[in-house]
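Please look at the structure shown below before reading on. The paragraphs that follow lead from a set of paired strands to a metal site and then to the empty spaces in the protein.

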Amino acid sequence: MPIDFTKTTGFLVGVDSDGCAFDTMELKHKECFIPNIIHHWGLKGVSKYAREVAEFVNLYSKNRGVNRFPALVEVFRLLQRRPEVVARGVKIDIPEVLVEWIKQETKLGNPALQEYVDRTNDPLMTKALAWSIDVNKTIDYIVGEGVPPFPMVRESMQKLQGQADILVVSATPQAALEKEWANQDLAQYVQAICGQEVGSKKESLSFAKLYPANHTLMIGDAPGDYKAAQANEALFFPINPGDEEASWQRLFDEGIDKFLNLEFAGAYQQELLDDFDSHLPVHPPWKQLD
Ligand SMILES: [Mg+2]
């Protein structure tokens, strides 16, 4: 899906939406994704563990913010190795057809999955699509008109206005994203909104090539956001999970000025990355089978 984008200033700022601009990660995962994982994938017998694993993968680990399909596979992988799940005799299968699709498709959203299902009629992919569609329906119902942005998000957008082009870079479906940014009256500050149908975060941030070195900053709450920044030689300002308010305050008070004054790269960037790293573990807190 192509998008309209015009460079109007000398700087570019990419900003992630879920869990970064908006405090929607907890609500979406705990109330929308996880109940549908348990329902669609036959995990009622191990719901407690499925919930714990899915929360770890999507909210409290280095996988935070990963696209829903690879995140689902990771949930199955971790569940397979939980002793409690094995003890209950619940067999967790990894849908290999989904794993293959994830490897080959860059636009990991319902339109591409629908197209795959129409072409192949694969039963596991049909199930994945039904799950994904129900997740979106639940988000519509539960999240509804959305939640307000974190404190200092609007103020930061206003501070950047006229000095930097702002791009929403997200793995959320385009329609949901446009609705959230419009409902919270934030769409007025951004040059373009890039959801999952536009491409991966890395692809969407590739407008960075229109700007000189150290003139693009990505703001995100997950390692995937940092990877998208690195791939495009952009700087990165982390919104630390669990410490979002302080992070936005710091961006407003100090980060934006350092970026616009070209004082961001180097020691300041490293200090922010070290702090971010300490907020997200790699290994789950429970015992895993080998
Ligand atoms: Mg995020």
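Strands E1 and E2 pair in the parallel sense, over five bridges. Two strands count as paired if DSSP finds at least two bridges between them. Strands (E, at least two residues) and helices (H or I, at least four residues) are themselves DSSP runs, numbered from the N terminus. One bridge joins leucine 12 to its partner in E2, aspartate 165. The model is a predicted one, in which local features need pLDDT of at least 70 and side-chain atom pairs count only at pLDDT 80 or more, while totals for chains, interfaces and linings use all residues. Residues are numbered from 1 along each chain as its sequence is written, and side-chain values use heavy atoms, with hydrogens and water left out.

Strand E2 also pairs with strand E3 (residues 192–194), again in the parallel sense, over three bridges. Here valine 169 stands opposite cysteine 194 in E3. What kind of unit do E2, helix H9 and E3 make? Together with helix H9 (residues 174–183), the two strands form a right-handed β-α-β unit. A crossover is called right-handed if, with the strands pointing away from the viewer, the path from the first strand over the helix to the second runs clockwise.

Strand E2 (residues 164–169) is mostly covered, with six of its six residues buried. Buried means under 20% relative accessible area, exposed means over 50%, and partly exposed lies in between (1.4 Å probe, protein chains only). In a regular strand the side chains alternate between the two faces of the sheet. In E2, Ala164, Ile166 and Val168 point one way, whereas Asp165, Leu167 and Val169 point the other way, and all are buried.

The next feature is the metal site. Which protein residues are the donors of the magnesium ion? They are Asp16 (OD), Asp18 (O) and Asp221 (OD), at 2.0 to 2.3 Å from the ion. Donors are N, O and S atoms within 2.8 Å of the metal (3.2 Å for Na, K and Ca), and water is not among the atoms, so sites may look incomplete. Along the sequence, the donor residues are spaced D-x1-D-x202-D. Aspartate 18 lies in the loop between strand E1 (11–15) and helix H1 (25–40), and aspartate 221 lies in the loop between strand E4 (216–220) and helix H11 (223–231), so the pair ties together parts that are 203 residues apart in sequence. Aspartate 18 counts as buried, at 12% relative accessibility, and aspartate 221 also counts as buried, at 1%.

Attention now turns to empty space. Rolling a probe the size of a water molecule over the atoms shows where empty space is left. On a 1 Å grid over the protein atoms alone, a cavity is a set of points where a 1.4 Å probe fits but cannot get out, whereas a pocket is an open set with protein on both sides within 12 Å along at least five of seven lines; lining residues have an atom within 4 Å of a point.

How many cavities of 30 Å³ or more does the structure hold? There are two. The largest cavity contains about 60 Å³ of space. Its lining consists of Lys28, Ile139, Asp140, Val143, Gly144, Ala176, Lys179 and Glu180. Helix H9 gives the most to this lining, with three residues. The second largest cavity has a volume of about 40 Å³ and is lined by His29, Phe33, Ile37, Asn58, Arg68, Ala71, Leu72 and Trp131. Helix H1 and helix H3 (68–80) are the elements that give two or more residues to that lining.

The largest pocket has a volume of about 520 Å³. It is lined by 21 residues, and Val66, Asn67, Ser200, Lys201 and Gly224 lie nearest its centre. Helix H11 provides the largest share of the lining, five residues. The second largest pocket has a volume of about 400 Å³. Of the 23 residues that line this second pocket, the closest to its centre are Asp18, Arg68, Ala171, Thr172 and Pro173. Asp18 is also one of the protein donors of the magnesium ion. Helix H1 gives the most to the lining of the second largest pocket, with four residues, and H7 and H9 each supply at least two.

How values were computed:
Points joined across faces, edges and corners; volume = space filled by probe spheres on them.
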